[in-house]
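Reader: I'd like to go through this one label by label and hear what stands behind each. Can you show me the structure before we start?

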Amino acid sequence: MEALLLGTGLLLGAYVLVYYNLVKAPPCGGIGNLRGRTAVVTGANSGIGKMTALELARRGARVVLACRSRERGEAAAFDLRQESGNNEVIFMALDLANLASVRAFATAFLSSEPRLDILIHNAGISSCGRTREAFNLLLRVNHIGPFLLTHLLLPCLKACAPSRVVVVASAAHCRGRLDFKRLDRPVVGWRQELRAYADTKLANVLFARELANQLEGTGITCYAAHPGPVNSELFLRHVPGWLRPLLRPLAWLVLRAPRGGAQTPLYCALQEGIEPLSGRYFANCHVEEVPPAARDDRAAHRLWEASKRLAGLGPGEDAEPDEDSQSEDSGAPSSLSTTHPEEPTISQPYPSPQSSPDLSKMTHRIQAKVEPETQLS
């Protein structure tokens with residue numbers, strides 16, 4: 001009996017140590033009142049994204065849930081309006097696997113919303129499921145889609161500076177290795193998916209680093225945020241169906257709830273005074289050093305150029321600031337281009353603020369390229 005009690009005590013003590021050192025997330029502080037500001041959160045219909053959007057809404061921000069599923073996005077927007085007491089939570093359709101959808105979302109957003117203060121790239125996938133594409137689906141959803149979306153929304157981010165871009169990354173970036181000769185090659189099998197996922201997380205960290213360099217002096221700051229070990233849909237994606245009921249209780253014990261996983265992305269979006277750390281990687285609400293591959297500026301720039309090509313961006317569609325952006329009243333829109341391939345679904349039960357004259361001019365300058373539609377299963 002004594003041995004049993006001793007063993008139980010040791011196990012409980014070990015769990016407490018693990019919980020407070022690895023599982024429990026430090027709470028996010030930062031700006032308390034976000035009234036008059038607008039945030040876009042991708043993949044906000046569940047998990048970390050939904051909890052991130054909830055906290056932004058509670059602080060008074062106008063929040064756009066950019067999600068692929070209309071049904072789930074509408075339901076999440078309704079839930080968040082009820083829970084936060086903030087009616088300025090809306091859904092807009094966005095499929096990051098479909099570059100035409102990304103461009104359509106950007107066009108609709110720029111024509112209907114006068115502000116963008118916070119852009120949080122939360123959406124991501126860890127496997128291709130049953131979908132088979134002629135390109136690397138994980139790279140498309142986790143990196144290329146967010147890369148293109150950022151470029152297309154830069155005019156609004158610049159006009160509302162100081163503004164922020166947060167890319168939800170992962171500690172898996174430490175296992176990543178980018179092969180630029182095979183960057184967009186299709187991924188087949190779970191082993192390739194695991195490796196490709198780590199590669200895309202490395203791409204996220206390098207993207208935040210290079211974006212910060214490209215936008216220096218514009219008032220836009222960028223951060224890569226690791227949410228920690230989170231009990232979300234991504235965790236069980238690779239687990240066989242028969243094993244999931246056994247792992248769910250274990251996941252509940254040793255992994256963070258989505259609310260805890262949202263704390264570091266929120267910290268990067270809201271914490272004052274971290275502007276000098278633009279381009280850095282954060283975990284547990286503080287900056288962390290990354291391995292050499294994740295701070296390689298040559299690789300980051302090479303990825304930037306490869307991403308422009310894969311996203312269909314032309315030579316003139318770069319994020320580099322023009323001379324005017326260095327002045328105090330910067331905010332001149334950059335000359336990005338897109339098309340009007342389709343009208344995305346916008347859930348807007350409450351009137352949006354009126355678009356400013358400058359922004360409406362901005363959207364008229366947007367011109368075009370479209371890729372064929374692809375669908376995630």
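Author: Sure. The protein has an accessible surface of about 17,500 Å², and 54% of that belongs to carbon and sulfur atoms. Keep in mind that this is a predicted model.

Reader: How much of the protein is buried, and what does the fold consist of?

Author: Of the 377 residues, 53% are buried. The protein has 11 helices and nine strands. Among contacts with a separation of 6 or more, 83% are between residues 24 or more positions apart.

Reader: What makes R62 and E88 a salt bridge?

Author: Their side chains come to 2.0 Å, N to O. The cut-off is 4 Å between a Lys or Arg side-chain nitrogen and an Asp or Glu carboxyl oxygen, so the pair qualifies. R62 is in strand β2 (residues 62-67), while E88 is in the loop between α3 (70-84) and β3 (89-93), 26 residues apart, so the pair links distant parts of the chain.

Reader: Why is R62 called buried? And which label does E88 get?

Author: R62 has 5% relative accessibility, and buried means under 20%, so R62 counts as buried. E88 is at 24%, which falls between the 20% and 50% limits, so E88 is partly exposed. The two also belong to a network of salt bridges with E113.

Reader: How many salt bridges are there in the structure?

Author: The structure holds 11. Another one of them joins R209 and D297, with the closest N and O atoms 2.7 Å apart; that is within 4 Å, so it counts. R209 belongs to helix α6 (residues 190-214) and D297 to helix α10 (residues 297-311), 88 residues apart.

Reader: Are R209 and D297 buried, exposed or partly exposed, and how do you know?

Author: R209 is at 22% relative accessibility and D297 is at 40%. Partly exposed runs between 20% and 50%, so both get that label.

Reader: What about E289: why is that one called exposed?

Author: E289 has 62% relative accessibility, and exposed means over 50%, so the label fits. E289 forms a salt bridge with R280, the closest N and O atoms being 2.7 Å apart. R280, at 26%, counts as partly exposed.

Reader: On to the rings. How many aromatic pairs are there, and why is F105 with F109 called stacked?

Author: A search of the whole structure finds six aromatic pairs. For F105 and F109 the centres are 6.2 Å apart, within the 6.5 Å limit, and the planes are 20 degrees apart, under 30, so the pair is stacked. The two are four residues apart in helix α4 (residues 99-112), so about one helical turn separates them. F105 is buried, with a relative accessible area of 0%, and F109 is buried at 0% too.

Reader: Then what makes F207 and W304 tilted?

Author: Their centres are 6.2 Å apart and their planes 35 degrees apart; stacked needs under 30 and edge-to-face over 60, so this pair is tilted. F207 is in helix α6 and W304 in helix α10, 97 residues apart. F207 counts as buried at 3% relative accessibility, as does W304 at 1%. With F147, they form one aromatic cluster.

Reader: Which charge sits over the ring of F135, and at what distance from its centre?

Author: The charged end of R140 does, 3.9 Å from the ring centre. The distance limit there is 6 Å, so R140 meets it.

How values were computed. Residues numbered from 1 in each chain as written. Predicted model: local features only at pLDDT ≥ 70, side-chain atom pairs only at ≥ 80, totals over all residues. Heavy atoms only, no water. Buried < 20%, exposed > 50% of the residue type's maximum accessible area, 1.4 Å probe, protein only. Contact = heavy atoms within 4.5 Å. Areas by Shrake-Rupley, 256 points an atom, 1.4 Å probe, with all protein chains shown as cover. Lys NZ or Arg CZ within 6 Å of the ring centre and 35° of its normal.
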